[in-house]
Amino acid sequence: MASSSSSSSPSWTTLLVLMIPFLFNAFLLPASPVDGNMYNDIDLTWGDGRAKILNNGDLLTLSLDKASGSGFQSKNEYLFGKIDMQLKLVSGNSAGTVTAYYLSSKGATWDEIDFEFLGNLSGDPYILHTNVFCQGKGNREQQFYLWFDPTADFHTYSILWNPQSIIFSVDGTPIREFKNLEFSGIPFPKSQAMRIYSSLWNTDDWATRGGLVKTDWTQAPFTASYRNFNADACVWSNGASSCNSASTTTSASSSSWLSQQLDTTGQERMKWVQKNYMIYNYCTDAKRFPQGLPPECKLS
Ligand SMILES: *[C@@H]1O[C@H](CO)[C@@H](O)[C@H](O)[C@H]1NC(C)=O
């Protein structure tokens, strides 16, 4: 037993090796292009003071009253990325309100990837509405209930957009995948840069129970909160992608999200969500498409 004393305490070399990740982080973090500070990443775009950045940039709130809603957009445009935001939705009676959080390009043949949260009466479930537009054409709605109360706390809503697919996730659980099926002639968003947009507005003509429940203005102002924005993304500026330049920390070679696909666990979890929480799927709405379901529905 006496002979083993040297192996019972770690050597200096071991300690140094253990410290390497921390040393790396210490150097890399300050250089990271996105630090989650709303002042650096976000522009408040409308609502005349109803959109606010608070707590030194850690928190953003949008509010809605009878006179106006409000909104923001990202300073950057992106061409592919893994974009996370934490949202805490309007609580209490949010019927008639819609909080939209989406990526969109510009022009008549725009691309768009949507999360929209349709409010409800106190205690009744929100609907998470999703859609994908390619070249100005959407009609690809899928809707879900959530497995938690999205107004009680912040939850992470993510869009992974890379050349192979678009994956919508909630708290890391994939809920929807839109695959690149261009080989079968189905368009996929991959050449137009998109910006992040969010807004809170009144849509009581359709949001809650298809428009039956109206906004109760005695509850105004309605407020939704945002924090921990993170974009591991290719920033598009002046016709060039940051992922094609070796000089930035977002260079493609260091970005695993750019080639990320759903693994078996991810596929299983997505199936679980779709089985238990999906309440509408355009791909099973045969009545809506009398000429036949959209081609991607048969392929994915
Ligand atoms: C609101 O609650 C009703 C009743 O539970 C439900 O049918 C509906 O899907 C819920 N969500 C919305 C946005 O209407």
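Here are some questions and answers on a predicted model of a protein chain with a ligand.

Q: Which residues surround the ligand?
A: Start with the stretch that includes Leu 118, Gly 119 and Asn 120. Asp 124, Pro 125, Ile 127 and Tyr 145 belong to the shell too. The list is completed by Ala 207, Thr 208 and Arg 209.

Q: How many nonpolar, polar and charged residues does the shell around the ligand have?
A: Leu 118 and Ile 127 are among the residues around the ligand, and Leu and Ile count as nonpolar. Asp and Arg go down as charged, while Gly is put with the polar ones. Sorted that way, the shell comes to 5 nonpolar, 3 polar and 2 charged residues.

Q: Which residue has a polar backbone atom 2.8 Å from an oxygen atom of the ligand?
A: Two side chains can be set aside here: Asn 120 has a side-chain N or O atom 2.5 Å from a ligand oxygen, and Tyr 145 puts a polar side-chain atom 2.7 Å from one. The backbone partner, at 2.8 Å, is Arg 209.

Q: What share of the ligand's exposed area does the protein bury?
A: Taken alone, the ligand exposes 350 Å². With the protein in place, the part of that area buried is 76%.

Q: What percentage of contacts with a separation of 6 or more join residues 24 or more positions apart?
A: For background, the protein chain has 4 helices and 15 strands, and buried residues make up 49% of its 300 residues. Counting just the contacts with a separation of 6 or more, the share from residues 24 or more positions apart is 65%.

Technical notes: Residues numbered from 1 in each chain as written. Predicted model: local features only at pLDDT ≥ 70, side-chain atom pairs only at ≥ 80, totals over all residues. Heavy atoms only, no water. Near = heavy atom within 4 Å. Polar contact = N/O pair within 3.5 Å; in protein donor to acceptor, adjacent residues only side chain to side chain. Areas by Shrake-Rupley, 256 points an atom, 1.4 Å probe, with all protein chains shown as cover. Helix = DSSP H or I, 4+ residues; strand = E, 2+ residues; numbered from the N terminus. Buried < 20%, exposed > 50% of the residue type's maximum accessible area, 1.4 Å probe, protein only. Contact = heavy atoms within 4.5 Å.
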